[in-house]
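User: I'm new to reading protein models and keep tripping over the vocabulary. Can we go through some of the terms together?

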Amino acid sequence: MAGLVDKAKEFVTEKVANMKKPEATVKNVDLKEVTCQCITYKADVNVSNPYSTSIPICEITYTFKSADRVIAEGSIPDPGSLKANADTMLDVGVKVPHSVLMSLMRDIGADWDIDYELNIILTVDLPVIGNLNIPVNSKGEIKLPTLSSLMGGGTTTTT
């Protein structure tokens, strides 16, 4: 009987390993908001759901790094769900305290941008299987806001 149970476990494990899973990519990272406490960047994350049913997102966690240092991390609990058989665009807000940006002055340098690495984990709840973590990573440069953009007169660009 134990051999039959082991074979059943192997069969299910193999099927789960080979089934399609949701995939995510970071499409853009840009300035969202500047307040007295922090600068908030917005990461546009596109998630493809291959299933014919919507999937609830349990949580989004993120780690934002620059110059090999974590400059922001956080989580967004219960951000909604993924549309069935479609792509869903998620807006992940990353809050970076001003004090952290001041400590990165060497990286910022003359070009007034920061090189970043953004690591996001989407935790979704798949029926029968349970929670599944979908990692998505992005690297690039983000322009910091200039004095004119802080006063409402400019825009920022990112890569």
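User: Where does Asp78 sit?

Analyst: Asp78 belongs to strand β4. Keep in mind that we're looking at a predicted model here.

User: What makes Asp78 count as exposed?

Analyst: Exposed means over 50% relative accessible area. Asp78 comes in at 61%, so it counts as exposed.

User: And what about the phi of Asp78?

Analyst: Phi is positive there, about 45 degrees, even though Asp78 is not a glycine. Most residues other than glycine have a negative phi, so that's the background to set such a value against.

User: Which loop holds Asn85?

Analyst: Asn85 lies in the loop between β4 and β5, and β5 covers 86–97. Its phi is positive too: Asn85 is not a glycine, yet the value is near 45 degrees.

User: How do you know whether Asn85 is buried or exposed?

Analyst: Same routine. Buried would need a relative accessible area under 20%, and exposed needs over 50%. Asn85 has 53%, so it lands in the exposed class.

User: Back to β4, then. Which sheet is it part of?

Analyst: An open sheet of four strands, in the order β4-β3-β6-β7, with antiparallel pairing.

User: Why are β4 and β7 called edge strands?

Analyst: Because β4 (69–82) and β7 (130–143) each have a single partner strand, one side of each has no neighbour in the sheet. As for the angle, neighbouring strands in this sheet are turned against each other by 15 degrees on average, ignoring direction.

User: How do you know that β6 and β7 really pair?

Analyst: Two strands pair if there are at least two bridges between them. Strand β6 (residues 113–126) and β7 have 14 bridges, in the antiparallel sense, so by that cut-off they pair. One of the bridge partnerships links Leu126 with Gly130 in β7.

User: What holds strands in a sheet together, in general?

Analyst: Strands of a sheet pair through backbone hydrogen bonds, and the pairing can be parallel or antiparallel.

User: Zooming out, how many helices and strands does the protein have?

Analyst: Four helices and seven strands. Starting at the N terminus, they follow the order α-β-β-β-β-β-α-α-β-β-α.

User: And how much of the protein is buried?

Analyst: Of its 159 residues, 34% count as buried. The accessible surface of the protein is about 9500 Å², with 54% of that belonging to carbon and sulfur atoms.

Key: Residues are numbered from 1 along each chain as its sequence is written. This is a predicted model: local features need pLDDT of at least 70, side-chain atom pairs count only at pLDDT 80 or more; totals for chains, interfaces and linings use all residues. Side-chain values use heavy atoms; hydrogens and water are left out. Helices (H or I, at least four residues) and strands (E, at least two) are DSSP runs, numbered from the N terminus. Buried means under 20% relative accessible area, exposed over 50%, partly exposed in between (1.4 Å probe, protein chains only). Accessible areas come from the Shrake-Rupley method with a 1.4 Å probe; for residues, only the protein chains shown count as cover. Axes are lines fitted to C-alpha atoms, for helices over the stretch in contact, and angles run from 0 to 180 degrees between N-to-C directions.
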